[in-house]
Amino acid sequence: MAEFQLIMPKMGESIAEATIIKWVKNEGDAIAADETVLEIATDKVDSEVPSPKAGVLVKKLYKDGDVVAVNMPIAIMEIGGTASPAPSAPAAPVVEPVKQAVQQIENTINQASSAVNTSTAGANKFYSPLVLNIAREENVSMAELETIAGSGNEGRVTKRDILNYVASRSGGSIPVAPTPTIPVPASVPQPVVEVKAPAPQPTVSAPKPVTSIGSGNEIIEMDRMRKLIADHMVMSKHTSPHVTSFVEADVTNMVLWREKNKKAFEKREGEKITFTPLFIECVARAIKDFPMINCSVDGTNIIKKKNINIGMAAALPSGNLIVPVIKNADTLNLIGITKQVNDLANRARANQLKPDDIQGGTFTLTNVGGFGNVMGTPIINQPQVAIMATGVVKKKPAVLETEFGDVIAIRHMMFLSLSYDHRVVDGSLGGSFLRRVADYMEQWDVNRES
């Protein structure tokens, strides 16, 4: 019988690890091809891991709750085997080669773990690739890393632990290293000049706010997704200097066009058309005009994205938000965008999104108007550099310029807000892009075909 390693799948370009939620299969169970073996969770979405081949689960290499790096073996399977019977007799000699193979795999895993684990001598902590990457970006030394109390399994330092440490450390001033002595060349008979830097200031950690709990208060523990969202929001604010610009758009033509076409559209396509596909079409057109909005940042490098993949914030049954992505939105017509928007929104509400549905976004659109809000200041969905919010559409008096002079008319008005990463997007680019989106909305052809 051949042996096969079940690998922790890579769930997206920005995901380096996943947590095992639950093993669906036990050691000795027969597994069919494409049958679920375990359930995992990332900071993006929960997912099931199927077996690509039929066989028997010989050994689990990790337990429930363990955090495993992507592309690492998580289980050993015997391909083409059958389920193990109850152990009524001593194991047959054929099991010995399997044990040896399992031992070899465990040795390989231990070697791989020690390659990622850069603990100092005498320490035996494991740090995930994600934690090590954050430590490297934030200039956290290994000596500092080892002082962080971990809240994970067996005291492991999690992403949340190191982000909290970085946030508290940033509250104090950064010590200035003394400048080395600069000697003058021997040919010039001058004394040695020594430049002294200011004395280092002690680092002061920002105190955590103390919350008083009264007798009638209810304590509600965050669920796993809310904790991940909280970490992601704090990380985004810590990473990007946020700036928000606003414009007001006259979307009367959009409102009139939708009212005129929505019944015929639903009858012909079997899909209801909301304002979201219309907004996405305008955003995609504006991104083509201003492609530097469609970027991400990697250190000191700006990555200009070729594809225009627009994420749309959607509500989950739990009340949390998730951002499924319309891929290549600029290549789709309005019917195609509508079908994708409705499909992703329906599957989000039913908790049926797949990992690929939320990967690869290059720009995000969120609709605060759905809650009756006039405008909002959204937080950037890292590693993107911009996110746009649409407010509620309201009838308002507006001044219109006509050939007979200015008149006041009742128009459908809406505020748009754009939060952008000021490291990459300056006010000129951010403001011009947002104005262009509003222009496309205002110029919507009320007579266009649906």
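These are my notebook entries on what I looked up in this predicted model.

**Ground rules**

I number residues from 1 along each chain as its sequence is written, and side-chain values use heavy atoms, with hydrogens and water left out. Since the model is predicted, local features need pLDDT of at least 70 and side-chain atom pairs count only at pLDDT 80 or more, while totals for chains, interfaces and linings use all residues.

**Entry 1: the whole protein**

I began with the secondary structure and found nine helices and 19 strands in the protein; these are DSSP runs numbered from the N terminus, helices being H or I over at least four residues and strands E over at least two. Of the 450 residues, 38% count as buried, where buried means under 20% relative accessible area, exposed means over 50%, and partly exposed lies in between, with a 1.4 Å probe and protein chains only. The protein exposes about 25000 Å², and carbon and sulfur atoms supply 54% of that area; the areas come from the Shrake-Rupley method with a 1.4 Å probe, and for residues only the protein chains shown count as cover. I also looked at contacts, meaning heavy atoms within 4.5 Å, and among those with a separation of 6 or more, 63% are between residues 24 or more positions apart.

**Entry 2: the sheet that holds β5**

I followed an open sheet of four strands in the order β5-β4-β2-β7, with antiparallel pairing; two strands pair if DSSP finds at least two bridges between them. β5 and β7 (67-69) stand at the edges with a single partner strand each, so one side of each has no neighbour in the sheet. Neighbouring strands of this sheet are turned by 40° against each other on average, direction ignored, the axes being lines fitted to C-alpha atoms and angles in general running from 0 to 180 degrees between N-to-C directions.

Strand β4 (residues 36-41) is joined to β5 by five bridges, and β2 (residues 17-23) is joined to β4 by four. Ile40 appears in both pairings, since I find it opposite Ser47 in β5 and also as the bridge partner of Ile20.

Which side chains of β5 (residues 46-50) are buried? Ser47 and Val49 point to one face and are buried, whereas Asp46, Glu48 and Pro50 point to the other face and are not. In a regular strand the side chains alternate between the two faces of the sheet.

**Entry 3: Ser51**

Moving on along the chain, I placed Ser51 in the loop between β5 and β6 (55-60). Is Ser51 buried or exposed? Ser51 has a relative accessible area of 0% and is therefore buried. Its side chain reaches the backbone oxygen of Lys53 at 2.5 Å, which I note as a polar contact, a pair of N or O atoms within 3.5 Å in which, within protein, one must be able to donate a hydrogen and the other to accept it, and residues adjacent in sequence count only if both atoms are side-chain atoms. Leaving out residues up to four places away in sequence, Ser51 touches Leu6, Ile31, Ala32, Ala33, Asp34, Glu35, Val37 and Met77.

**Entry 4: a second sheet**

I then turned to another open sheet of four strands, ordered β1-β8-β6-β3 and paired antiparallel. β1 (2-7) and β3 (30-31) stand at the edges, each with a single partner strand, so one side of each is left without a neighbour in the sheet. β3 and β6 pair over two bridges, and Ala30 has Val56 as its bridge partner in β6.

**Entry 5: cysteines and backbone details**

A search of the whole structure gave zero disulfides, a disulfide being a pair of cysteine sulfur atoms within 2.5 Å. Cys282 is buried at 1% relative accessible area, and Cys295 is buried at 2%.

The peptide bond from Gln382 to Pro383 is cis, with omega near 5°, and Pro383 lies in the loop between β16 (363-367) and β17 (386-390). I noted a positive phi near 70° at Asn71, in the loop between β7 and β8 (73-79), where Asn71 is exposed with a relative accessible area of 51%. Asn328 also has a positive phi, of about 50°, and is partly exposed at 30%.
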